[in-house]
Amino acid sequence: MAQNPRISSRKAPQQARSNDLVTAVLEAAVQVLAAEGAARFTTARVAERAGVSVGSIYQYFPNKAAILFRLQSDEWRQTSGLLRDILEDRAREPLVRLRALVHAFIRSECEEATIRIALHDAAPLYRDAPEAEEAHAASAGILHTFLREAALDASDAERALAGDLLKRTLSAVGSSYSESPRTPDEIHAYADALADMFCAYLERLAAPRPVVAEPSGM
């Protein structure tokens, strides 16, 4: 069975100069990925675009998969932050939070479509890695906490299903919709319609359950 390449960074930069180098490498990687796509992405091209030696990159990233995974990790971290900032804002009602999340997510998918599509193409390099599983688990945990609050009377199984449906649907729909250029008005209308469906689902899930009377004795 083929093993995944090492995708963790070799070391974390400790000094400002090292931080600057890693930042330059990641910025160059985004540019190369956007211009060339995942199939033609190489460490050499990143080094050339960043104006550094390949050896300098290898101090921090052992291979191209590690660079791509760092870009993907940053995207996952951003998505988790988006989920947390919106869904944990208990000053707003759950339905308001859910609608805000859908709008923010679809807008983000459309704004970053080029990089997201390229990273999706590179996913086979790292999708089965433990780090990838941890990132997905973090997002699932945020959704589960929100649903436990928003649908208190639902069962654990119902909330687990709802969380999985929300996550999978947002990811699939956002990915598909953002493949073509969209205007801000189109994005808003589409996100609003998607939010309507999610909110209707959450309202049903959170609705009080009827009490079933015990059959009376004969």
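I first looked up the elements and found 9 helices and 0 strands in the protein, where helices (H or I, at least four residues) and strands (E, at least two) are DSSP runs numbered from the N terminus. I noted that this is a predicted model, in which local features need pLDDT of at least 70 and side-chain atom pairs count only at pLDDT 80 or more, while totals for chains, interfaces and linings use all residues. Residues are numbered from 1 along each chain as its sequence is written, and side-chain values use heavy atoms, with hydrogens and water left out.

I then turned to burial: of the 218 residues, 38% count as buried (under 20% relative accessible area, with a 1.4 Å probe and protein chains only).

Next I looked up the largest nonpolar core (buried Ala, Val, Leu, Ile, Met, Phe, Trp, Tyr and Cys residues joined through side-chain atoms within 4.5 Å), which has 31 residues, with Leu87, Val102 and Ile106 making the most contacts inside it. H4 (64-87), H5 (94-111), H7 (130-150), H8 and H9 each supply at least two residues of this core, and H9 gives the most, with 9 residues. Leaving aside residues up to four places away in sequence, I found that Leu87 touches Arg97, Leu101, Ile142, Leu143 and Phe146, contact meaning heavy atoms within 4.5 Å.

Last, I followed the contact of H8 with H9, in which Leu161, Leu165 and Tyr177 are among the H8 residues that meet H9, whose own residues there include Tyr190, Phe198 and Leu205.

Notes:
Buried < 20%, exposed > 50% of the residue type's maximum accessible area, 1.4 Å probe, protein only.
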